[in-house]
Amino acid sequence: MSKRYHFVHRIAPIAFVLAMAVAANQTTMAQQPNKDAAPARPAAAQASPSTAPAPAAPQSAIASGPEQQGASATPAVISQPAENPYGLKALWSSGDIVSRITLLIMAIMSIGSWYVIVVKVIAQNRVSGAFKEVNRKKFWQQKNLQQSAEVLGAQSPYRYITENGIEAVQHHKGALQDSIDLYSWVSMSLHRALDQIQGRLQSGLAFLGTVGSTAPFVGLFGTVWGIHHALSAISIAGQATLDKVAGPVGEALIMTAIGLATAVPAVLGYNFLVRRNKVVMDQARNFTADVQCVLIGGNPQQKNTLNKESDAS
């Protein structure tokens with residue numbers, strides 16, 4: 001009995017130690033998978049927020065994303081710039097009756113000037129072309145002036161001069177006309193025809209001279225009126241701010257620019273037309289002098305033919 005006791009007394013501590021070691025080993029092995037699985041759970045938790053929005057963004061939303069961005073950017077491209085508050089449109093809409101009348105006067109002056117310039121240039125070209133027609137159709141190589149006049153166009157000013165000279169020779173008989181010699185009578189008739197042509201060419205030049213001399217002062221009047229508006233706006237506002245002064249001053253500057261733009265073409269056109277009229281009329285005067293010489297005594301055959309026609313009439 002004592003031997004068993006001693007055996008159990010010695011073996012019991014050893015068995016207890018072994019049991020505790022086995023239990024500790026099992027506890028360690030059981031806890032180690034939990035430690036490895038613990039970091040996996042936060043990773044899964046971290047991965048879930050990143051993957052969670054994916055189902056919330058369907059393909060239609062992704063595809064329409066750039067289109068929505070383009071649509072949001074489109075108004076910025078299509079949007080029109082703001083209107084100029086100091087332009088001609090604003091001047092007309094915000095101006096009073098005096099400003100509008102001034103603008104209308106300068107507009108009429110400008111349109112009228114360009115109309116006169118264009119019409120007179122066309123008329124001068126026609127007269128110059130008629131002078132070239134005289135040489136081209138061999139006016140001086142015909143048998144008499146009547147045939148020479150017929151080779152020219154019906155609207156030719158040189159035909160008009162020639163026919164007036166022929167008519168003067170044919171009708172140089174009468175109670176009052178007998179007191180005037182043939183030379184003076186034919187000369188007066190030719191110069192009347194020449195004066196009519198010159199009057200047609202010079203018509204409208206007085207308008208150009210008037211516009212060229214008065215348009216700057218009309219624009220200056222608009223400038224003074226605009227400055228008056230600026231001073232009135234300053235006095236009403238009580239302070240010289242830019243928004244109160246810029247509008248009327250811009251109106252004044254526009255008036256000045258329009259006045260100059262109206263006057264300069266009128267002056268240049270006037271000088272140009274006067275110079276061309278001098279050249280054209282010199283050609284017509286030379287032609288008239290030649291016709292007068294032929295009618296009076298340069299061609300005896302022509303003189304006899306005209307006298308016979310005058311007697312027959």
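**Close-up views of a predicted model**

**View 1. The largest pocket.** The largest pocket holds about 440 Å³ of space. It is lined by 17 residues, and those closest to its centre are R126, V127, Q155, P157 and R200. Three elements each give two or more residues to this lining: helix 5 (97-136), helix 7 (157-170) and helix 8 (182-202). Which of them supplies the largest share of the lining? That's helix 5, with 7 residues. Sorted by chemistry, the lining comes out as 10 nonpolar, 2 polar and 5 charged residues. Keep in mind that this is a predicted model, here and in every view below.

**View 2. The whole chain, for orientation.** Before going further in, here's the overall layout. The protein chain has 11 helices and 0 strands, so read along the sequence the pattern is simply α-α-α-α-α-α-α-α-α-α-α. Of its 313 residues, 28% count as buried. Take the contacts between residues at least 6 apart in sequence: 74% of them join residues at least 24 apart.

**View 3. Where the predictor is confident, and where it isn't.** The average pLDDT of the protein chain is 74, and 60% of the residues score at least 70. Which element gets the highest confidence, and which the lowest? Helix 5 is at the top with a mean of 91, while helix 2 (residues 53-56) is at the bottom with 45. Residues 33-77 have a pLDDT below 50, and beyond near neighbours in sequence this stretch makes 1 contact in the model.

**View 4. Helix 5 from end to end.** Here's a quick ruler check on helix 5. With 40 residues at 1.5 Å each, helix 5 should span 58 Å, and its end C-alpha atoms are indeed 58 Å apart, so the two values agree. This is also the helix with the highest mean confidence in the chain, and the one that gives 7 residues to the lining of the largest pocket.

**View 5. T102 and its contacts.** T102 sits in helix 5. Is T102 buried or exposed? T102 counts as buried because its relative accessibility is 4%, and the cut-off for buried is under 20%. Setting aside neighbours within four places in sequence, T102 is in contact with V218, F221, G222 and M255.

**View 6. V98, also in helix 5.** V98 is another residue of helix 5. With a relative accessible area of 22%, V98 is partly exposed, since that class runs between the 20% and 50% cut-offs. Not counting residues up to four places away in sequence, V98 touches F221 and W225. F221 is also on the contact list of T102. What about V98 and G222: how far apart are they in sequence and in space? They are 124 residues apart in sequence and 8.4 Å apart from C-alpha to C-alpha.

**View 7. K138, just after helix 5.** K138 is found in the loop between helix 5 and helix 6 (145-150). What is worth a look here is the backbone: K138 isn't a glycine, yet its phi is positive, near 55°. That phi value comes just after helix 5. K138 counts as exposed because its relative accessibility is 53%, and exposed means over 50%.

Technical notes
Residues are numbered from 1 along each chain as its sequence is written. This is a predicted model: local features need pLDDT of at least 70, side-chain atom pairs count only at pLDDT 80 or more; totals for chains, interfaces and linings use all residues. Side-chain values use heavy atoms; hydrogens and water are left out. On a 1 Å grid over the protein atoms alone, a cavity is a set of points where a 1.4 Å probe fits but cannot get out, and a pocket is an open set with protein on both sides within 12 Å along at least five of seven lines; lining residues have an atom within 4 Å of a point. Grid points are joined across faces, edges and corners, and a volume is the space filled by probe spheres set on the points. Helices (H or I, at least four residues) and strands (E, at least two) are DSSP runs, numbered from the N terminus. Ala, Val, Leu, Ile, Met, Phe, Trp, Tyr, Cys and Pro count as nonpolar, Asp, Glu, Lys and Arg as charged, and the others, Gly among them, as polar. Buried means under 20% relative accessible area, exposed over 50%, partly exposed in between (1.4 Å probe, protein chains only). Contact means heavy atoms within 4.5 Å. The expected span of a helix is 1.5 Å times one less than its number of residues. pLDDT is the predictor's confidence in each residue, from 0 to 100.
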